[in-house]
Amino acid sequence: MRKKLLEGRLKAAGSQDRGHGLYGEGRRSNCEVLVIGAGPAGGAAALAAAQAGADVIVIDRRQRIGIPVRCAGFLPAAAISAASLPDGVISQKIRSMLSITPDGHSEECSSPGFMVRRERLDQALIAAASAAGARVFTGVRAISREPVQNLIPGVRSHVRVGLAGGSRQIEAGIIIGADGPLSAAGAWTGNVNSAFLTAAQWTVPLRDESTTIRIYFDRRLPGGYGWLFPRGKEAVAGVGVETRFGEKPSRALKWFVSGLAAEGLIRKHPISATAGLIPVGGILANRSKELLLAGDAAGLCHPLTGAGIGPALLSGRLAGEAAAAHIRGNPGALTLYSREIESMMGDALREATLNRRQMYRNSGGSVSEFCETVRQYWFGFSRNILDKT
Ligand SMILES: Cc1cc2nc3c(=O)[nH]c(=O)nc-3n(C[C@H](O)[C@H](O)[C@H](O)COP(=O)(O)OP(=O)(O)OC[C@H]3O[C@@H](n4cnc5c(N)ncnc54)[C@H](O)[C@@H]3O)c2cc1C
């Protein structure tokens, strides 16, 4: 089957073909595993599938892998060991977290982890996948999944993709949808994220280097929080808000950064600015026949903390392994993927979704009510009820 699938295969020029390989040599290309999205989930999926011997195509709509960065880059140590991160990805270690409410209460707790350079993480994963044989095409956007018209052994999906100068079709045995919060692949299966924080952040000069991440809660940041994550002599200062409460992320960020500058923590000069969506609605169904979802596309970002890099890496790897095992003739591999994700993350993410609703239920109340409720549900406060359930 593999030989047949590889007929007409297009040769990608290098690890980050800009779509010309797909476009220039005919209207079709094919693969055993099509990975849509080259973030941490897609990179981990492509690497695992290619290492297991599958013929893999990865596409990403961005021109450059990992850029622009839409992430603050904090990775809890529990999510991954430093040894398994590629060289040059860690920018500094984190030891603790300070959680702060607007009534002046703050509490520090141990929170070991790493600040990572997200663009380098994404690029390193894709470079490793490419070295393992995956063909990588940037500037290529998945548009639609079309019915399979001609019977080619092993081909289960035709995916229409858009790229500079036109569109074309990729024939795939299995699709891994790793295309983030607004996943096109998820939409094809009816599994879409429904609740989001809209986030905006600046990289700013930090007055004193630190190994503590700071989390600020405030009614002016409804449904979310503000963060200050140190990265050497700089820091990432950002906010995530639920826009349905009428707050604009850009306005909230300016207010938040002014407060940090007034506290003497940062200089209010943006070195760079980014924005993005954080899915906080919880876990979605992640399989529909020969299509698997991973990372944010599968709703695996933690609804309370917004942490999604770790689950993206884990689910991506498992999806890639499952896809390769299925191609090799293991009929239960795709079902097993869904079961593994459910057993590892299902209950925790569903509970976090409920707790998130509870935590912000007093956003419209008095400052003291708001602070009390946040302290009940945020794990950085010793009085939180989560540790006791
Ligand atoms: C501002 C901000 C700060 C954050 N900070 C943190 C943090 O500190 N720690 C943490 O753990 N998490 C953080 N997160 C969440 C984290 O970034 C995500 O959970 C993580 O990136 C999910 O990885 P992913 O691979 O599933 O999706 P993504 O990283 O979103 O990657 C999806 C890829 O798919 C591509 N794509 C999308 N649609 C298509 C299409 N139709 N065709 C082709 N390609 C497509 C995109 O270009 C992208 O490269 C933050 C998120 C935001 C927005």
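What percentage of the contacts in the protein with a separation of 6 or more is accounted for by residues 24 or more positions apart? In this predicted model, such residues account for 67% of those contacts. The chain that makes these contacts has 389 residues, of which 51% count as buried. Its secondary structure consists of 9 helices and 16 strands.

The ligand offers a useful point from which to read the structure. It is surrounded by 39 residues, and the closest are G37, G39, G276, G295 and G308. Several elements give two or more residues to this shell: the helices α3 (40–51) and α7 (309–327), together with the strands β2 (56–60), β3 (74–76), β7 (140–146), β10 (196–205) and β14 (272–279). By residue class, the shell divides into 20 nonpolar, 12 polar and 7 charged residues. Where does the ligand lie with respect to domain 1 and domain 2? Domain 1 (2–66 + 120–193 + 281–351) and domain 2 (74–115 + 195–274) both give residues to the shell, so the ligand lies between them.

A single residue, S183, may now be considered. S183 is located in the loop that runs between β9 (166–177) and α5 (184–189). Is S183 buried or exposed? S183 counts as buried because it has 27 C-beta neighbours inside 10 Å, and the cut-off for a buried residue is 20 or more. When its neighbours within four places in sequence are left aside, S183 is in contact with G177, L293 and A297. Another pair to examine is S183 and I36: they are 147 residues apart in sequence, while their C-alpha atoms are 9.1 Å apart in space.

Key: Residues are numbered from 1 along each chain as its sequence is written. This is a predicted model: local features need pLDDT of at least 70, side-chain atom pairs count only at pLDDT 80 or more; totals for chains, interfaces and linings use all residues. Helices (H or I, at least four residues) and strands (E, at least two) are DSSP runs, numbered from the N terminus. A residue is buried if 20 or more other C-beta atoms lie within 10 Å of its own, exposed if 12 or fewer, and partly exposed in between; C-beta atoms are placed from the backbone. Two residues are in contact if their C-beta atoms, placed from the backbone, lie within 7 Å. A residue is near a molecule or strand if its C-beta atom, placed from the backbone, lies within 6 Å of it. Ala, Val, Leu, Ile, Met, Phe, Trp, Tyr, Cys and Pro count as nonpolar, Asp, Glu, Lys and Arg as charged, and the others, Gly among them, as polar. Domain bounds come from an automatic or database domain assignment.
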